[in-house]
Amino acid sequence: MTAPIAQAQWPNFIEEFTHRNVSRTTRIEVWEEDSRGTEAEGLPLIGLDLDLKGKFAPQVEILLGDERPGTNARHMTHVIPHTRTIIPKLAADGRDEVLEIEDDQGGKTLLFFKDLPEIPA
């Protein structure tokens with residue numbers, strides 16, 4: 001686990017994180033006080049967005065979906081209003097493995113990256 005990203009660094013971090021991880025296969029889990037559940041699984045990352053203005057700011061949006069031409073496009077947006085912390089967790093190989101985003105009520109959204117199995121030659 002790494003340290004939380006300082007709020008002043010969120011815009012740059014989110015831009016760089018999106019660039020590094022676009023199109024990777026994901027799973028989103030939401031952990032709240034009395035429950036834990038999977039909200040989405042198997043969709044590639046389109047990107048993250050940060051809204052620093054408005055009623056729900058700071059707010060992080062996770063955009064998932066398949067945007068390839070000719071595919072049955074599936075899209076999903078998961079929103080974390082009143083974001084309090086953003087904590088990236090790295091795999092042993094240094095790639096992003098999980099992004100933990102916590103809201104002001106203590107709810108956590110975990111964005112996991114799934115590695116697809118290698119296709120044998």
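Author: One term first: a residue is buried under 20% relative accessible area, exposed over 50%, and partly exposed in between. Keep in mind that this is a predicted model.

Reader: Okay, so which residues make up the covered face of strand E4?

Author: E4 runs over residues 75-80 and has two faces. The uncovered one holds His75, Thr77 and Val79. That leaves the covered face, made up of Met76, His78 and Ile80.

Reader: Which residue in E4 is the bridge partner of Gly65?

Author: Start with the pairing: strand E3 (residues 59-65) and E4 run antiparallel to each other, over six bridges. Gly65 belongs to one of these bridges, and on the E4 side its partner is His75.

Reader: Let's go to helix H1. How far does H1 reach from its first C-alpha to its last?

Author: H1 covers residues 10-21, which is 12 residues. At 1.5 Å a residue you'd expect 16 Å, and the helix comes close to that. Its reach in the model is 16 Å.

Reader: Why do the buried residues of H1 sit on the same side of the helix?

Author: The buried ones are Trp10, Phe13, Ile14, Phe17, Thr18 and Asn21. They end up on the same side of H1 because, around the axis, they cover an arc of only 130°.

Reader: And which residues are exposed on the other side of H1?

Author: Turn the helix away from its buried residues, such as Phe13 and Phe17. On that other side you'll find two exposed residues, Glu15 and His19.

Reader: Which strand supplies the largest share of the largest nonpolar core?

Author: This core has 22 residues, and Leu48, Ile62, Ile86 and Leu111 touch the most other members. H1 and the strands E1, E2, E3, E4, E6 and E7 each supply at least two of its residues. The largest share is five residues, and it comes from E2.

Reader: Which residues of H1 is Ile86 in contact with?

Author: Leave aside the neighbours within four places in sequence, and Ile86 is in contact with residues including Pro4, Val60 and Leu99. H1 spans residues 10-21. The contacts of Ile86 in that range are Trp10, Phe13 and Ile14.

Reader: Last one: which side chain makes a polar contact with the side chain of Glu102?

Author: Glu102 lies in strand E6 (residues 96-103). With a relative accessible area of 14%, Glu102 falls under the 20% cut-off, so it counts as buried. Beyond four places in sequence, the residues in contact with Glu102 include His82, Thr83 and Lys108. The polar contact, at 2.6 Å, is with the side chain of Arg84.

Technical notes. Residues numbered from 1 in each chain as written. Predicted model: local features only at pLDDT ≥ 70, side-chain atom pairs only at ≥ 80, totals over all residues. Heavy atoms only, no water. Helix = DSSP H or I, 4+ residues; strand = E, 2+ residues; numbered from the N terminus. Expected span 1.5 Å × (residues − 1). Buried < 20%, exposed > 50% of the residue type's maximum accessible area, 1.4 Å probe, protein only. Arc of directions from axis to C-beta. Polar contact = N/O pair within 3.5 Å; in protein donor to acceptor, adjacent residues only side chain to side chain. Contact = heavy atoms within 4.5 Å. Pairing = 2+ DSSP bridges. Core = buried A, V, L, I, M, F, W, Y, C linked by side-chain atoms within 4.5 Å.
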